[in-house]
Amino acid sequence: MTDMQQNVMSDGDVVLRVDHVSKSFRLPTEQATGLKMAFLNWTKGIKGYTEQHVLNDISFEVHRGDFFGIVGRNGSGKSTLLKIISQIYQPEHGSVEVNGKLVPFIELGVGFNPELTGRENVYLNGALLGFSHAQVDAMYDDIVEFAELGDFMDQKLKNYSSGMQVRLAFSVAIKAQGDILVLDEVLAVGDEAFQKKCDQFFKSVKEDPSKTVILVTHSMASMKRYCNKAVLIKEGYVAESGDPKKVADQYSLENAQHNTIFQTQSKQEHKHPTGLNSRVPVLKVLNHGNTIVDGSQDYDFDIEYQFNEQVPAYLGVILQDARRGGQVYDIDSQTNGKGTPIQPGHHTVHFSIPLNLMNNGEYRLFATLRVDDKDDADRIEYVAFTNDDNCAYFAIRNEHNGENGILNDTAMQFSVITA
């Protein structure tokens, strides 16, 4: 055993340590078709590629017995991180230390040969994972029993249905006798009966202190059900780590931020961001405190604006349910013809919205700025609105709330009167 492995073992049974890992790729932008063009590009400082930074200073530890979740949106760097952990890629900076036999299943069925039988594919996959023939012998019966394919193991894989192939691949994944099992988006496999069987297996693994699982998933329900620790990767950085519930809530909030409310042109086509213009160059909603709240207190936020015209103008607030769709609030500072116009200039206005009647969910706040139509008193003119980059997002999480519908159980009280 190396000194490093000894240090890992003495450090609370750490079986995986990712230490300040960074990784980037070169993406070609212009290909030289000859020596002359290559020379001209070189003299102009044109490299012919751009650097794409996928992972930036990623650090975390996984201990023996952990069911460790890794989550993040597509393109966040999860798959690259898994390939570095599995030693498919090498990090440019930092290091990854593994103590024990790591069995990666980044994609089910990779390495399967349709011209070989199910039995031969099990041994082929075992060899690809670094197991000897004798070790696969010891695992074989468990793999076949879990896959429920005993009558088909001597048939060629190309004659299997897609469901049978998935069951076999998944059974090899979870029955491989490794110390650390790495699974990438492989929980929702097979039919309902097989999924229940997998669920029971993962529950047993979760209770086994000698087993370690690293799970990459987009299912927050799966992460909350199985994982005891988790990390959220956002744009190549660790955005949140620790408690799976907290990580899942932050992930849901990140997802909400990528939904759109307005169909607009690209901001690159304009001098000002989408929704803004020379009349209103600044309009944004600013979070006033925590972005994950329990809803028992009013939610405080600010709206910053710049509007220099000497005409009556009013701010509007739109609260949208990002999870279920629809608007919860759509009000302005002159509701029912009452209220005071905003002051001209560059200012910040404080707002507060009650949340005590609302269910758990992800919500976002947009702002609008409007003036009365000078030619028609019954019409209003919307001068500007906030785009996704300038609105505010928050989530409500309260164990007493429900998950379905916008209003919680306290929003409606029934009184039964018997005639």
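A residue counts as buried when its relative accessible area is under 20%. In this predicted model, Phe301 has a relative accessibility of 1% and is therefore buried. Phe301 belongs to strand S12, which spans residues 299–307. Leaving aside neighbours within four places in sequence, the contacts of Phe301 include Val285, Leu286 and His288. Val317 and Leu365 also touch Phe301. A further run of contacts is made with Val349, His350, Phe351, Ser352 and Ile353. Ser352 lies 51 residues from Phe301 along the chain, yet the two C-alpha atoms are separated by 6.3 Å.

Strand S12 is part of an open sheet of 3 strands, in the order S10-S12-S15. The pairing in this sheet is antiparallel. Strand S10 (282–287) and strand S15 (345–353) stand at the edges. Each has a single partner strand, so one side of each is left without a neighbour in the sheet. From one strand to the next, the twist averages 20°. Between S12 and S15 there are 9 bridges, in the antiparallel sense. Gln306 stands opposite His346 of S15.

The chain as a whole has 419 residues, of which 42% are buried. Its secondary structure comprises 9 helices and 18 strands. Among contacts with a separation of 6 or more, 73% join residues 24 or more positions apart.

Confidence varies along the chain. The mean pLDDT is 81, and 80% of the residues reach 70 or more. Strand S12 has the highest confidence, with a mean of 93, whereas helix H1 (residues 3–10) has the lowest, with a mean of 38. The pLDDT is below 50 over residues 1–10, a stretch with 13 contacts beyond near neighbours in sequence. Residues 259–269 also stay under 50. For this second stretch, the model has 24 contacts beyond four places in sequence.

Strand S7 (residues 212–216) is a buried element. In this strand, 5 of the 5 residues are buried, so S7 is largely enclosed by the rest of the structure. Both faces are covered. Thr212, Ile214 and Val216 lie on one side, and Val213 and Leu215 lie on the other. Strands of a sheet pair through backbone hydrogen bonds, either parallel or antiparallel. Strand S3 (residues 67–71) runs parallel to S7 and is joined to it by 4 bridges. Here Phe68 has Ile214 of S7 as its bridge partner. Strand S6 (residues 180–184) is also parallel to S7, with 5 bridges between them. In this pair, Ile180 is matched with Thr212 of S7.

Helix H3 (residues 78–85) has 6 of its 8 residues buried, so this helix too is largely enclosed by the rest of the structure. The buried residues of H3 are Lys78, Thr80, Leu81, Leu82, Ile84 and Ile85. Just after H3, Gln87 takes a positive phi of about 65°.

Helix H7 (residues 192–206) packs against helix H5 (residues 133–147), and their axes come within 11 Å. The two axes cross at roughly 135°, which makes H5 oblique to H7. On the H5 side, the contact involves Glu145, Phe146 and Ala147. These residues meet Phe194, Lys197, Cys198 and Phe201 of H7. By class, this contact has 5 nonpolar and 2 charged residues, and no polar ones.

Helix H6 (residues 162–175) also packs against H7, at an angle of about 5° and with the axes 12 Å apart. The angle makes H6 roughly parallel to H7. Arg167, Phe170, Ser171, Ile174 and Lys175 of H6 meet Phe194, Cys198, Phe201 and Phe202 of H7. The residues of this contact divide into 6 nonpolar, 1 polar and 2 charged. Phe194, Cys198 and Phe201 of H7 thus occur in the contact with H5 and in the contact with H6.

A hairpin is formed by strand S8 (residues 229–234) and strand S9 (residues 237–242), which pair in the antiparallel sense over 5 bridges. One of these bridges sets Ala230 against Gly242 of S9. The hairpin has 2 residues between its strands, and Glu235 takes a positive phi near 50°.

Definitions and conventions
Residues are numbered from 1 along each chain as its sequence is written. This is a predicted model: local features need pLDDT of at least 70, side-chain atom pairs count only at pLDDT 80 or more; totals for chains, interfaces and linings use all residues. Side-chain values use heavy atoms; hydrogens and water are left out. Buried means under 20% relative accessible area, exposed over 50%, partly exposed in between (1.4 Å probe, protein chains only). Contact means heavy atoms within 4.5 Å. Axes are lines fitted to C-alpha atoms, for helices over the stretch in contact, and angles run from 0 to 180 degrees between N-to-C directions. Angles under 35 degrees count as roughly parallel, over 145 as roughly antiparallel, 65 to 115 as roughly perpendicular and the rest as oblique. Ala, Val, Leu, Ile, Met, Phe, Trp, Tyr, Cys and Pro count as nonpolar, Asp, Glu, Lys and Arg as charged, and the others, Gly among them, as polar. Two strands pair if DSSP finds at least two bridges between them. pLDDT is the predictor's confidence in each residue, from 0 to 100.
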